[in-house]
Amino acid sequence: MATSGSVETNHIAATSRKWYWQLIWSSSYSGNTATVNWEIYARCEGGTSGSTWVANYGFGGNVNGKNLSFSGSFYKDARVASGSFQIGGGNSFSASITAHPYSGSHTSSGNWSWTMDNKVVTPTVTCSVTRGLNTIGASMSVTNDGRASIVDRYIDLFTDSGCSDKVGVISGASGTFTGLQPNKTYYARANASNGTYRGYSSVQKISTYDIAKLTETPDVYIGSAHTIKWTNPSGATISLKLCKTDGTAVYNVGTVTGTSKSITATATTIYALIPNSNSIKLRYILTTTANGTSYTNYKECTFKVTNSNPTFSEFTYQDTNTTTIALTGNNQIIVNNYSNIKAIISTENKAVAKNSATMKSYKLACGTKNISKDYNDSANVELSLNKVDSSTMTVYATDSRGNSTSKSKTATYKNYSDLAITRLIATRQQNGVGSAVLLEFEGTYWNNSFGAVTNAISKCTYQYKLASSNTWIAGTTQLSYSASDGKFSGSMLINGDLGTDGFNISNAYNIRLQMADKLVTKAVDITLPSGAPGLAIAKKGLAIKQKYNNDLGGALQVNGIIYALDSSSGTFIDIVKKLNELASK
């Protein structure tokens, strides 16, 4: 490798001097191109420069392909030829000289070649990248010491750090990779060539921005505002809309900026989606648009029905039990457990559903009882309950969402309690074996006014029958009793099947007491046992299962079969039957 040179032909002795020729060259570079300047001089050892000469018998040569020839006198240190040419670094050129001082028998010559210095170095390349949502911008800078021109430049993009999976290339010093995936890591590397060497930058790792994503979509009552929040790291254009979960648009918010927005969706639109439900799950969809491509992200929330109960404020009612109405004198008064109420919702007072719901039913509740009926828009609706046990009645109007509005009314209430026979005793006289019977009874009754009528005991009678019979017989004794402060009682001898003598002692009887007030009749049954004693002791003797008959006399009177144990057989025998058998023999 060389940038300059000086060479001489062989020295020829002639005319007591030595002659030779010298080639001198030098170079200067522009980039990797050298400009070579050269000169050829005639030299002589001895003599004064420019004065010594010798006859010229011929001169020839070649410098980098340029042929040289000369004839004439040679003077010491005279420049025989000169020139210049350009040559690329690293290339070679040659030169040759042949001269004949004095005569052709003398030849001074030389052949030479040189290889030029290669000024080209490997370019130093750096790569810079910037990220977008689906793009990556890249540029390079090249340091080449100005010795050679850069012939090409490229920036390559890969999906792996080993730079084997190429996904794009930029031809030139800068540009943008497009059509990339959001939130994905890529690797960029730049390279440049000066025609001899190619330089590479270090690998630059970079990730595209993520798309805009929703972070908060709080549940909300329909018609109220809620704040929707999101992230938008790339700053791309974004738009927001509210949709059903199948993607059908419900409310278009439009283009949004920043990272949050207070939104109040149109209430009528939301209500219309749920005529039969109190909530709906909807989906906010956030769309990011960059470089002609759109990306979506969604997050759901629940919209809840509020302030949507039906409008309902009036109904009428009445007691429909003619018996209680006769006592109260007013169908607006309720008698506990006896009034039958009917609630009436007229078409003028009908319930009206709200916010896209429809009416479904009415329900009447009073105390422990309730009844429901379908809603009717064009006719009065009546609901009835029998024997209600509360003064407060409530009508509920329910819509298709199950929401209801109630209206309550409290009536004048008569807390009537049923007449009750708390004690009833029938006792045979003469220590329980006589025919005369004493009837004793006690009880309670509601000692108050129904309104038109004051309650009182209105009936006190009795009936009787043989215990073995199903036929009741009205008693003939007029029962007397005392009643005050809600209590009654009585005690008297009563007539029976023996008239004023009472009840046959041989029989058992059922006796029924019937008591009534202005509203109800109550009856209680008791059993009167027979009056026949199991054992009767008299002065004259003993009677079994009957009274002792003084007219009959005797030590023992038995009413029934007499059995005795036969010790020989261990069985019981009918004594009377046995005696009759013996008597007949």
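**Figure 1. A close look at His226, a buried residue.** His226 has a relative accessibility of 6%, so this residue counts as buried in the predicted model. His226 belongs to strand S22, which covers residues 226-231. A polar atom of the His226 side chain lies 2.8 Å from the backbone oxygen of Pro218. Leaving out residues up to four places away in sequence, His226 also touches Val220, Lys261, Ser262, Ile263, Tyr284, Cys301 and Phe303, along with Pro218 itself.

**Figure 2. Val352 and Lys350 share a loop between strands S30 and S31.** Val352 sits in the loop that joins strand S30 (341-345) to strand S31 (359-366). With a relative accessible area of 42%, Val352 is partly exposed. Beyond residues up to four places away in sequence, Val352 touches Pro310, Thr311 and Met359. If you zoom out, the C-alpha atom of Val352 is 61 Å from that of Ala474, a residue 122 places away along the chain. Back in the loop, Lys350 forms a salt bridge with Asp377, and the closest N and O atoms are 3.0 Å apart. Asp377 lies in the loop between strand S32 (369-374) and strand S33 (381-385), so this salt bridge ties together parts that are 27 residues apart in sequence. Both partners are partly exposed, Asp377 at 43% relative accessibility and Lys350 at 28%.

**Figure 3. Phe312 and Tyr362 make a tilted aromatic pair.** The structure holds 13 aromatic pairs. In this one, the ring centres of Phe312 and Tyr362 are 5.9 Å apart and the planes meet at 50 degrees, so the pair counts as tilted. Phe312 comes from the loop between strand S27 (293-304) and strand S28 (316-319) while Tyr362 comes from strand S31, so the pair connects parts 50 residues apart in sequence. Phe312 and Tyr362 are both buried.

**Figure 4. More aromatic rings, with and without a charge over the face.** Trp25, Phe85, Phe93 and Trp114 come together as one aromatic cluster. Elsewhere, the charged end of Lys119 sits over the ring of Tyr29, 5.0 Å from its centre. Lys409 lies over the face of Phe315, at 5.1 Å from the ring centre.

**Figure 5. Leu439 in the largest nonpolar core.** This core has 31 residues, and Leu439, Ile494, Ile511 and Met515 have the most contacts inside it. Several strands each supply at least two residues of the core, among them S38 (437-444), S42 (487-494) and S43 (509-516). Strand S43 gives the most, with four residues. Apart from neighbours within four places in sequence, the contacts of Leu439 include Leu424, Tyr462, Leu479, Ile494, Ile511 and Ile526. A second, separate core has 28 residues, including Trp21, Leu23, Ala34 and Ala99.

**Figure 6. Two salt bridges, Asp77 with Arg43 and Asp152 with Arg198.** The structure holds 13 salt bridges. The side chains of Asp77 and Arg43 meet at 2.7 Å, N to O. Asp77 is in the loop between strand S8 (74-75) and strand S9 (79-88), and Arg43 is in strand S4 (residues 33-45), 34 residues apart. Asp77 is partly exposed at 27% relative accessibility, whereas Arg43 is buried at 16%. The side chains of Asp152 and Arg198 meet at 2.7 Å, N to O. Asp152 lies in strand S14 (residues 152-158) and Arg198 in strand S18 (residues 198-200), so this bridge joins parts 46 residues apart in sequence. Here Asp152 is buried at 19%, and Arg198 is partly exposed at 30%.

Technical notes: Residues are numbered from 1 along each chain as its sequence is written. This is a predicted model: local features need pLDDT of at least 70, side-chain atom pairs count only at pLDDT 80 or more; totals for chains, interfaces and linings use all residues. Side-chain values use heavy atoms; hydrogens and water are left out. Buried means under 20% relative accessible area, exposed over 50%, partly exposed in between (1.4 Å probe, protein chains only). A polar contact is a pair of N or O atoms within 3.5 Å; within protein, one must be able to donate a hydrogen and the other to accept it, and residues adjacent in sequence count only if both atoms are side-chain atoms. Contact means heavy atoms within 4.5 Å. Rings of Phe, Tyr and Trp (its six-membered ring) pair if their centres lie within 6.5 Å; planes under 30 degrees apart count as stacked, over 60 as edge-to-face and the rest as tilted. A charge sits over a ring if NZ of Lys or CZ of Arg is within 6 Å of the ring centre and within 35 degrees of the ring normal. A nonpolar core is a set of buried Ala, Val, Leu, Ile, Met, Phe, Trp, Tyr and Cys residues joined through side-chain atoms within 4.5 Å. A salt bridge is a side-chain nitrogen of Lys or Arg within 4 Å of a carboxyl oxygen of Asp or Glu.
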